[in-house]
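Please describe the salt bridges, nonpolar cores and second largest pocket of this protein in a short report.

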Amino acid sequence: MQSIYATRSELGSFFAAQRQAFSKQPERTYPQRKSDLQRLHHAFLSHQHEFSEALNQDFGHRAGYDSMLLDVLPTAQQFRYTLSRLKSWMKPSRRHVGMALWPASVKVHYQAKGVVGIIVPWNVPLMLSFGPLMTALAAGNRVMLKLSEFTPQFNRVCKTVIEQCFESHQVAVIEGEADIAAEFSALPFDHLLFTGSTQVGRHVMATAAKNLTPVTLELGGKSPVLIAPDCDIEFAVNRLMMGKCLNAGQICIAPDYILCPQDKVEAFKASFKKLFLARYPKGIASKDYSSIINARQYARLKTILTDAERLGASISPVMEPSCDDEVHRMLPHLISDVSDDMAVMQDELFGPILPIVSYQTFDQALAYVNERPRPLALYLMSLDKKVQSEVLSRTHSGGVALNETLYQCAADDAPFGGIGPSGMGHYHGKEGFITFSHAKTVFKRGRLTTAALVTPPYQRWWQKVLFKVLVR
């Protein structure tokens with residue numbers, strides 16, 4: 001396999017080679033797909049420590065357990081899950097024919113789409129490249145991976161691993177800046193998966209539409225944590241802190257803001273600071289706390305804090321010193337007295353900044369969520385089953401976790417995806433296999449057919465009887 005900092009013509013050449021290879025072999029058998037996944041699995045396992053070290057270098061500092069929990073462990077689990085279920089996924093599913101079409105059979109065959117494009121983000125690059133890659137391969141496709149320009153060390157290891165497993169006409173790894181990403185999304189793929197911001201997702205979808213390329217968009221948005229009136233504050237903080245501190249909040253489903261009863265806001269701040277100190281006693285120097293990926297993202301977060309302070313927000317860092325400009329590290333900042341005109345309440349934060357929105361009644365909290373774009377995740381802290389049921393029925397989000405954060409994404413046997421501005425489509429679990437497959441309906445009859453009963457000339461007595469029986 002050759003991997004490149006690509007040009008437009010080279011992108012076209014890679015795509016043409018994969019398209020030609022797929023035309024020659026449009027159907028990969030179960031043993032072939034299983035072998036592809038096993039080869040990739042073994043290569044991944046033998047390089048897992050190199051992946052972690054590469055991510056540490058790309059971030060400036062990334063806690064080893066952050067890489068284990070976000071990238072290595074979920075990838076390993078998905079390999080085992082996919083390999084154990086691939087054979088059953090590939091089997092055609094029998095569907096009901098109905099009296100009107102009898103005698104016949106109907107089955108749905110899941111057929112590879114062809115050449116799949118995958119655009120990988122920088123925040124969790126191992127899981128968000130190998131996860132969709134293995135699912136696309138399980139569905140029998142050829143794959144082109146566009147890696148982020150912000151993770152060069154990870155990209156180096158990724159190329160090495162994939163080079164051990166595949167020729168470029170089966171899996172090709174592409175590197176490049178934003179212009180190459182734009183050219184990549186303009187290729188006439190049979191399916192395109194993009195993971196990233198809502199803003200960029202709109203451009204990707206518009207570009208793909210010119211080729212009528214079906215897309216799966218895994219975006220983000222402002223995922224709220226709703227602390228119900230019945231919930232103990234220490235319990236809530238204990239359950240949500242990891243979701244906000246893991247990878248320094250640089251996760252698409254990280255809690256973006258808190259909806260807290262008005263009389264518990266100060267207790268929330270105090271509890272958060274106390275628990276953070278217990279988990280990260282060395283604060284900014286803690287080896288268990290990750291840096292912001294680069295100076296550009298760090299500066300973006302500092303600008304958000306400055307804007308909030310200028311417009312009257314109250315900012316409470318969990319510890320001092322709270323920032324290290326040299327290594328672009330930032331501890332969580334709790335922000336109260338926020339308003340909609342602040343940048344902190346307008347776009348996904350993707351970092352260790354946590355606004356707190358107070359409410360007086362629970363209906364106000366639900367209205368606040370429903371008046372805004374539908375988020376990728378919604379988190380509810382409540383042990384009251386009636387409250388849980390009310391939130392599930394009255395809100396829309398890509399996924400929900402009750403009394404936890406992040407874990408809904410780790411369920412291999414369940415779909416993951418957004419809704420509206422937070423994305424479209426799914427690619428986890430069996431739904432991922434279906435996403436990267438064409439569900440082809442196969443209708444079959446033998447010698448016996450009832451079609452003659454409904455051919456012209458019409459208005460014959462048996463036709464009248466037949467339709468009277470069927471149309472009811």
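## A salt bridge between helix and strand

In this predicted model, Lys159 forms a salt bridge with Glu175, and the closest N and O atoms of the two are 2.0 Å apart. Because Lys159 belongs to helix α6 (residues 152–165) and Glu175 to strand β6 (residues 171–175), the pair ties together parts that are 16 residues apart in sequence. Lys159 counts as buried at 18% relative accessibility, and Glu175 is buried as well, with a relative accessible area of 8%.

## Other salt bridges

The count of salt bridges comes to 15. In general, side chains of opposite charge can pair when their charged atoms come close. One of these bridges joins Asp325 to Lys302, with 3.1 Å between the closest N and O atoms; this pair links distant parts of the chain, since Asp325 sits in the loop between β12 (323–324) and β13 (329–330) while Lys302 sits in helix α11 (residues 295–310), 23 residues apart. Lys302 is partly exposed, its relative accessible area being 29%.

Glu27 and Arg33 form another salt bridge, in which the closest N and O atoms are 3.0 Å apart. Glu27 is partly exposed, with a relative accessible area of 39%, whereas Arg33 is buried, with a relative accessible area of 0%. Salt bridges that share partners also join Arg28, Asp36 and Arg39 into one network.

## Nonpolar cores

In soluble globular proteins, nonpolar side chains tend to be buried together. Here the largest nonpolar core holds 119 residues, and of these Phe268 and Phe272 touch the most other members. Helix α4 supplies the largest share of this core, nine residues.

When residues up to four places away in sequence are not counted, Phe268 touches Ile227, Ile233, Val237, Leu240, Ile258, Cys260, Leu354 and Ile356. Apart from the largest core lies another one, of 19 residues, which includes Ile119, Ile180, Phe194 and Leu217.

## The second largest pocket

The second largest pocket has a volume of about 520 Å³. Its lining consists of 26 residues, among which Leu69, Leu70, Pro74, Cys409 and Ala410 lie nearest the centre of the pocket. By class, this lining has 19 nonpolar, five polar and two charged residues.

Helices α4 (64–90) and α5 (127–138) each supply at least two residues of the lining, and α4 gives the most, with seven residues. Helix α4 therefore appears in both settings, as it gives the most residues to the lining of this pocket and the largest share, nine residues, to the largest nonpolar core.

Terms used
Residues are numbered from 1 along each chain as its sequence is written. This is a predicted model: local features need pLDDT of at least 70, side-chain atom pairs count only at pLDDT 80 or more; totals for chains, interfaces and linings use all residues. Side-chain values use heavy atoms; hydrogens and water are left out. On a 1 Å grid over the protein atoms alone, a cavity is a set of points where a 1.4 Å probe fits but cannot get out, and a pocket is an open set with protein on both sides within 12 Å along at least five of seven lines; lining residues have an atom within 4 Å of a point. Grid points are joined across faces, edges and corners, and a volume is the space filled by probe spheres set on the points. Helices (H or I, at least four residues) and strands (E, at least two) are DSSP runs, numbered from the N terminus. Ala, Val, Leu, Ile, Met, Phe, Trp, Tyr, Cys and Pro count as nonpolar, Asp, Glu, Lys and Arg as charged, and the others, Gly among them, as polar. A nonpolar core is a set of buried Ala, Val, Leu, Ile, Met, Phe, Trp, Tyr and Cys residues joined through side-chain atoms within 4.5 Å. Buried means under 20% relative accessible area, exposed over 50%, partly exposed in between (1.4 Å probe, protein chains only). Contact means heavy atoms within 4.5 Å. A salt bridge is a side-chain nitrogen of Lys or Arg within 4 Å of a carboxyl oxygen of Asp or Glu.
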